[in-house]
Amino acid sequence: MAKILALYGSPRRRGNTSLLLQKAVQGARDAGDEVDEVILRELKMSPCLEIYGCKETGRCVIQDDFQKLYDQILSCDGIMLASPIFFYAVSAHTKILMDRCQSLWVKRYWLEKGSHEKREPKRKALFISVGATKGKKLFDGVLLSIRYFLDAIDMELWQALLYRGLDFEGDILKHPEYLEEAYQAGIGISRAIKKT
Ligand SMILES: Cc1cc2nc3c(=O)[nH]c(=O)nc-3n(C[C@H](O)[C@H](O)[C@H](O)COP(=O)(O)O)c2cc1C
């Protein structure tokens, strides 16, 4: 049984990305995996203070809810991360988490002297995002930062589910086909992790 970490990045508890992620969680559980769910807005988590206390051990020195999350990120086999598009970026809650993972970047590239050359990470990630508009470049910014973030935590982007034209809470419910895709992605990532 694999262990997956599901990270809810929307400030809305029943927002569009949250409902999609819930479906993916259901899919992964139905496929036999253990899923820990973390709602980022419920955590007390400071932004990165850029003091590089992590240079000593690879662990962030700010004592808040990130400490537990750090252990969960290190010990899981995969993650499912959902964030709405806010100004062509991820939500602030998601960005705080990403920046705090600079400690893992430091661990990997400074302390363990990992190479910047591409290597195959075993751990896999599903990224889910939703924006209100329909522009072609709506997800370009987030995809770039999500890829670099995943590299820092030794994961690869297995699949991204990206939906345009959804703004108000519950808009996603008008698209059962998207919710079904998310459910199938939950099953899919579970299978992909077991193959590695
Ligand atoms: C602060 C803020 C910034 C936003 N910026 C964008 C944007 O740049 N592009 C866009 O298409 N939608 C933008 N939106 C709309 C959200 O992406 C949209 O409402 C989405 O469905 C929210 O997902 P959620 O319900 O999972 O939080 C923004 C919304 C907020 C509150």
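Me: What does it take for a residue to count as near the ligand?
Reply: One of its heavy atoms has to lie within 4 Å of the molecule. In this predicted model, 17 residues surround the ligand, and the closest are Ser10, Thr17, Thr133, Leu166 and Asp167. Local features here need pLDDT of at least 70, and side-chain atom pairs count only at pLDDT 80 or more, while totals for chains, interfaces and linings use all residues. Residues are numbered from 1 along each chain as its sequence is written, and side-chain values use heavy atoms, with hydrogens and water left out.

Me: Which side chains have a polar atom by an oxygen atom of the ligand, and at what distance?
Reply: Look for a polar contact, a pair of N or O atoms within 3.5 Å. Ser10 has a polar side-chain atom 2.6 Å from a ligand oxygen, and Asp167 has one at 2.6 Å from a ligand oxygen too. For Arg12, an N or O atom of the side chain is 2.7 Å from an oxygen atom of the ligand.

Me: How many aromatic pairs are there?
Reply: Rings of Phe, Tyr and Trp (its six-membered ring) pair if their centres lie within 6.5 Å; planes under 30 degrees apart are stacked, over 60 edge-to-face, and the rest tilted. This structure holds five such pairs. Take Phe66 and Tyr70: their ring centres are 5.9 Å apart and their planes sit at 75 degrees, so the pair is edge-to-face.

Me: Where do Phe66 and Tyr70 lie?
Reply: Helices are DSSP runs (H or I, at least four residues), numbered from the N terminus. Both residues belong to helix α2 (residues 66-75), four residues apart, about one turn of the helix.

Definitions and conventions: Polar contact = N/O pair within 3.5 Å; in protein donor to acceptor, adjacent residues only side chain to side chain. Helix = DSSP H or I, 4+ residues; strand = E, 2+ residues; numbered from the N terminus.
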